[in-house]
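Please walk me through this structure, beginning with its aromatic pairs and going on to its nonpolar cores and a pair of packed helices.

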Amino acid sequence: MIAELVAEIGPLWHEGQQARLESRPRKRAVGAGAKHQLVFIDRLLATLVHLRHGATHDVLACWFGVDRSTITRAIGEVRPLLATRGCTIATGVRLRTFAEVIDHLGASGRTGIIDGTEIRVRRPAAGRKDREKFISGKNKQNAVKAMILTDASGKLLFCSPAQPASCADITHARQLGLVKHLTGGPAVEILADAGYQGLGALRPAAA
């Protein structure tokens, strides 16, 4: 598949670059000067990863070892070429808040899945008052925790701000207003593990 894309749209990209260089007065011959930091196949891969997985330009810049502006420019050049071949993504609905995610699940009749995930971090500096709160009771390491909500197919819909890892999953969910959104919003089925046991007592369909 990648080879086919390179063969089909690679020449179009090179033609576009050549036309751009020839469209303005030049003091040096076309092709002189600094070369592209990303070859075409890397530009294509960066664009595909961005479209398929939603990786940010900053993350892609780190992966490919270039500046963020290089990735932004590469995606801006390659994405229209992919569109001419029919490789596009649905515009869909932009969900900005937790409440909008719950409303979206209710309106579409989809099942949601929530879970907490821990990210290991350096031990906070000595003297910090909440230093011990970062110790995970489960993994016995310094970490922060985020609550993730996806649909049944695993598509990411919401990622909460990070909390110190000692915060229990059910406590984190309550702080984010999960019960309130489920109680005051549409009927939504949310699947969760034992870490959220007890939320269902407040809203039977919530967990």
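Two rings of Phe, Tyr or Trp, the six-membered ring being used for Trp, are taken as a pair if their centres lie within 6.5 Å; planes under 30 degrees apart make the pair stacked, planes over 60 make it edge-to-face, and the rest are tilted. In this structure, which is a predicted model, that rule gives a count of 2 aromatic pairs.

One of the pairs is formed by W13 and F40, whose centres are 5.5 Å apart and whose planes stand at 35 degrees, a tilted arrangement. Because W13 belongs to helix α1 (residues 2–22) and F40 to helix α2, this pair ties together parts that are 27 residues apart in sequence. Both W13 and F40 are buried.

For F98 and F158, the ring centres are 4.6 Å apart and the planes meet at 20 degrees, so this pair is stacked. The pair links distant parts of the chain, since F98 sits in helix α5 (residues 98–108) and F158 in strand β3 (residues 156–159), 60 residues apart. F98 and F158 are both buried as well.

F98 leads on to the nonpolar interior, where the largest core has 18 residues, and F98, I102, L105, L149, L178 and L199 are those with the most contacts inside it. Two or more residues of this core come from each of α5, β2 (143–151), β3, α6 (169–175) and α7 (178–184), and the largest share, 4 residues, is that of α5. The surroundings of I102 can be listed in turn: leaving aside residues up to four places away in sequence, I102 touches L149, L178, H181, L182, P186 and V188.

Apart from this core there is a second, separate one of 9 residues, which includes W13 and F40 together with L44 and L51.

The last part of this path concerns two helices and how they pack. Two packed helices are described by the angle between their axes and by the distance between those axes. For helix α2 (residues 40–53) and helix α3 (residues 57–64), the axes come within 11 Å and cross at roughly 145 degrees, and the crossing in which α2 passes α3 is right-handed. Which residues of α2 and α3 meet there? On the side of α2 they are D42, L45, A46, V49 and H50, and on the side of α3 they are H57, L60, W63 and F64. Sorted by character, the residues of this contact comprise 6 nonpolar, 2 polar and 1 charged.

Conventions: Residues numbered from 1 in each chain as written. Predicted model: local features only at pLDDT ≥ 70, side-chain atom pairs only at ≥ 80, totals over all residues. Heavy atoms only, no water. Axes fitted to C-alpha atoms, helices over the stretch in contact; angles between N-to-C directions. Left-handed = near helix turned anticlockwise from the far one by under 90°. Contact = heavy atoms within 4.5 Å. Nonpolar A, V, L, I, M, F, W, Y, C, P; charged D, E, K, R; others polar. Buried < 20%, exposed > 50% of the residue type's maximum accessible area, 1.4 Å probe, protein only. Core = buried A, V, L, I, M, F, W, Y, C linked by side-chain atoms within 4.5 Å.
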